[in-house]
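Please look over the model below. A short report on its fold follows, working from strand pairing to helix packing.

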Amino acid sequence: MRIMIVSDTHGKHKYLERALERVKFIDRMIHLGDVEGCEDYIEAIAGCEVEFVAGNNDFYSDLPHEIITEIGPYRALLTHGHYYYVNSGMSDLICAGREKGVDLVMYGHTHRPTIDYEENLILVNPGSLTYPRQEGHRPSYIMLELDDADRMHFDTFFL
């Protein structure tokens, strides 16, 4: 299973389109917020199931603020992260992940890609395809692949 994880596209899709051309085929996409009303367009170009959560810029959106979903044998919490104050640290997000009994927490909001391993918890942020804030300021996304033994593999890609 190949899952593309993106966030913070803010209604601009040039780099999302480029990333989709690069990966060619995905089974699923997870968008971690700040979609800004472009859900239909993103679903159309993704060509697969897309799960969305609302970000702090998704005003008047009906998107859920968080979702707990299954990825193979794993439970994942999807959130934008702003309600967990991720710009100030990961402690609230880690506590939420543990309280909800998930294996994986995916979040956005910081516009900085990261994959962090805490005790029995993986924290994943794909960064931003539109307004990257990490050193070098390159648009980013993460690919999650489950192998035949249901092990998760993460790769961060920059455009």
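Which residue in β8 stands opposite V105? V105 faces L123 in that strand. This is a predicted model, and the pair is a good place to enter its sheet.

**The sheet**

V105 lies in β6 (residues 104-106), which runs parallel to β8 (residues 121-126). Three bridges join these two strands. Helix α3 (residues 91-99) packs on the sheet. There α3 touches β5 (74-79), β6, β7 and β8. The direction of α3 makes about 125° with that of β8.

Five strands make up this open sheet, in the order β4-β5-β6-β8-β7, and the pairing is mixed. β4 (66-71) and β7 (113-118) stand at the edges. Each has a single partner strand, so one side of each is left without a neighbour in the sheet. With direction ignored, neighbouring strands are turned by 20° against each other on average.

Strands of a sheet pair through backbone hydrogen bonds, either parallel or antiparallel. Both kinds of pairing can be followed here. β4 and β5 pair in the antiparallel sense over six bridges. T69 stands opposite A76 in β5. The two strands form a hairpin with two residues between them. G72 sits in that turn and has a positive phi of about 60°. On to the next pair: β5 runs parallel to β6, and three bridges join them. Here L78 stands opposite M106 in β6.

**The helices**

The table lists the buried residues of each helix and the arc they cover around the axis.

| Helix | Buried residues | Arc |
|---|---|---|
| α1 | L16, A19, L20, V23 | 100° |
| α2 | E39, I42, A46 | 65° |
| α3 | L93, I94, A96, G97 | 160° |

An α-helix has 3.6 residues a turn, so residues three or four places apart point the same way.

Take α1 (residues 14-23) to begin. L16, A19, L20 and V23 are buried in α1. Their arc is only 100° around the axis, which puts them on the same side of α1. The face turned away from that buried side carries the exposed residues K14 and E21. What covers the buried residues of α1? The cover includes β1 (2-6), β2 (28-31), α2 (39-46) and β9 (140-146). K24 follows α1, with a positive phi near 65°.

In α2, the buried residues are E39, I42 and A46. They span an arc of only 65°, which puts them on the same side of α2. D40 and A44 are exposed, on the face turned away from the buried side of α2. The buried residues of α2 pack against α1, β2 and β3 (49-52). After α2 comes G47, whose phi is positive, near 70°.

α3 has L93, I94, A96 and G97 as its buried residues. Their arc is only 160°, which puts them on the same side of α3. The opposite face, turned away from the buried side, carries the exposed residues S91 and E99. β5, β6, β7 and β8 are what the buried residues of α3 pack against. Just after α3, G101 takes a positive phi of about 65°.

**The whole protein**

How many helices and strands does the protein have? There are three helices and ten strands. Along the sequence, the pattern reads β-α-β-α-β-β-β-α-β-β-β-β-β. The radius of gyration is 14 Å, close to the 15 Å that the globule rule gives for 159 residues, so the protein is as compact as a globular protein of that length. Its C-alpha trace spans about 35 × 35 × 35 Å along the principal axes.

Of the 159 residues, 53% count as buried. Among contacts with a separation of 6 or more, 50% come from residues 24 or more positions apart. The accessible surface comes to about 7800 Å². Carbon and sulfur atoms account for 47% of that surface.

How values were computed. Residues are numbered from 1 along each chain as its sequence is written. This is a predicted model: local features need pLDDT of at least 70, side-chain atom pairs count only at pLDDT 80 or more; totals for chains, interfaces and linings use all residues. Side-chain values use heavy atoms; hydrogens and water are left out. Buried means under 20% relative accessible area, exposed over 50%, partly exposed in between (1.4 Å probe, protein chains only). Helices (H or I, at least four residues) and strands (E, at least two) are DSSP runs, numbered from the N terminus. The arc is that of the directions from the helix axis to the C-beta atoms. Contact means heavy atoms within 4.5 Å. Two strands pair if DSSP finds at least two bridges between them. Axes are lines fitted to C-alpha atoms, for helices over the stretch in contact, and angles run from 0 to 180 degrees between N-to-C directions. The radius of gyration is taken over C-alpha atoms; the globule rule is 2.2 Å times the number of residues to the power 0.38. Accessible areas come from the Shrake-Rupley method with a 1.4 Å probe; for residues, only the protein chains shown count as cover.
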